[in-house]
Amino acid sequence: MANKIKILHAITRLDKGGSAENTLISAIGLAEKGYDVTLLFGKTEDANVELLKRAREAGVEFVEEEDLVRNIRPVKDLAALFDIRRFIKDNKFDIVHAHSSKAGIICRVAAWLAGVKNIVYTPHGHVFYGYFGKALTSMIIFAERAAALFTERIIGLTPCECEEWLTFGVGKREQYLAIPSGLEFGKMESDLFEGRDLRKELGIPSGKKLVGSVGRFVPIKGYEYFIEAAAALIKNGKDLYFALAGDGPLAGKYEEMISSLGIEERFHIVGWQENTGAFMRSLDLFVLSSLNEGMGRVLVMAMYYGKPVIATRVGGVPSVV
């Protein structure tokens, strides 16, 4: 590619999760096809080290913007806006592709101020319910409507997500395109053949059913409802076992809930699993209890491994299940 097309991907943070993995895999794919790819990101504490390494090997350049933070901080947000505008203008990017709500608004405004014509946005879900109070949510919806005015394409992970955005009055139908979040099935296939036996490690008796979920331990994932449901089933005499894989700020709360409900012998928290396949293989049923979800890549994983799923009817989930 003689004159390489310069693409900037920007995301609020690269912590483990579907949106970061989607963004990194997209950046890797573009770099491997010969594009000049830069990935700008904010404060990150727990990134996917393997994907970061692969991205660097593919030639993706990484730029950290220290003022790009997840929470609303007017002073930092303005500083990030002008820093990113200057960076975009100095590097003359042909395409700016913003990911996630915070970076999505700041980076699209910065790109527009820098004169970029090709601005793309993948929100990876939305924060229109389940996250904030009414006043802040209204402000975010207003900001999304305004930013849509100079966005060429808004990419939803599912048709359901695109339709939901339109019901909130964000953008026009012709701006939307549904592109499911891709998974690397080759790696998932290799994960299946790792010799680890989680059922044996957890002491699950032979022939007993194991119900589980995997994800970040944050409020939007609704795991307290999964734990409460498990306790109700056990109390009603159901001979089931439960497992929750992941980590995050609510880990301590979930452990306390399990203890206070008296279900420690039936409900196991197993921590973050680098090999999701080994965990999925051990399950008889997968549960997603999210209060809001753009697509639910983990649902695709569960179904790829041949597991039946039960999920909340939110966001893009009905397009998947």
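**Exercises on strands and buried side chains**

In strand 3, Glu61 is the bridge partner of Thr38. This is a predicted model, in which local features need pLDDT of at least 70 and side-chain atom pairs count only at pLDDT 80 or more, while totals for chains, interfaces and linings use all residues. Residues are numbered from 1 along each chain as its sequence is written, and side-chain values use heavy atoms, with hydrogens and water left out.

**Exercise 1.** Find how many bridges join strand 2 to strand 3, and decide whether the two strands run parallel or antiparallel.

*Solution.* Start by locating the strands: strand 2 covers residues 36-41, and strand 3 covers residues 61-64. (Strands are DSSP runs of E with at least two residues, helices are runs of H or I with at least four, and both are numbered from the N terminus.) Next, count the bridges: there are 4 between these strands, which run parallel; two strands pair if DSSP finds at least two bridges between them.

**Exercise 2.** Work out the strand order of the open sheet of 5 strands, and say which strands lie at its edges.

*Solution.* Reading across the sheet, the order is 10-9-8-11-12, and the pairing is parallel. The edges are formed by strand 10 (267-271) and strand 12 (309-311), each of which pairs on one side only. Now look inside the sheet, where strand 8 (residues 209-216) and strand 9 (residues 240-247) run parallel and are joined by 8 bridges. As one example of a partner, Gly212 is matched in strand 9 by Ala243.

**Exercise 3.** Describe where Thr151 lies, and state whether it is buried or exposed.

*Solution.* First, place the residue: Thr151 belongs to the loop that connects helix 5 (134-148) with strand 6 (153-156). Second, judge its exposure: with a relative accessible area of 6%, Thr151 is buried (buried means under 20%, exposed over 50%, partly exposed in between, for a 1.4 Å probe and protein chains only). Third, list the neighbours: leaving aside residues up to four places away in sequence, Thr151 touches Arg108, Ile119, Val120, Tyr121 and Gln175, where contact means heavy atoms within 4.5 Å. Finally, the Thr151 side chain reaches the backbone oxygen of Ala147 at 2.7 Å.

**Exercise 4.** Identify the helix that holds Ser282, and find which backbone oxygen lies 2.5 Å from a polar atom of its side chain.

*Solution.* Ser282 is part of helix 11, which covers residues 276-282. Its relative accessible area is 7%, so Ser282 counts as buried. The oxygen in question is that of Phe279, at 2.5 Å from a polar atom of the Ser282 side chain. Apart from residues up to four places away in sequence, Ser282 touches Leu198, Arg199 and Leu210.

**Exercise 5.** Decide whether Lys307 is buried or exposed, and find which backbone oxygen its side chain reaches.

*Solution.* Lys307 sits in the loop between helix 12 and strand 12, and at 16% relative accessibility it counts as buried. The Lys307 side chain reaches the backbone oxygen of Leu283 at 2.8 Å. Other than residues up to four places away in sequence, Lys307 touches Met280, Arg281, Leu283 and Ala302. For the backbone, compare Lys307 with Leu285: although these residues are 22 apart along the chain, their C-alpha atoms are separated by 5.9 Å.

**Exercise 6.** State how many helices and strands the protein has, and what share of its residues is buried.

*Solution.* The protein contains 13 helices and 12 strands. Of its 321 residues, 51% count as buried. Along the principal axes, the C-alpha trace spans about 65 × 45 × 35 Å.

Methods. A polar contact is a pair of N or O atoms within 3.5 Å; within protein, one must be able to donate a hydrogen and the other to accept it, and residues adjacent in sequence count only if both atoms are side-chain atoms.
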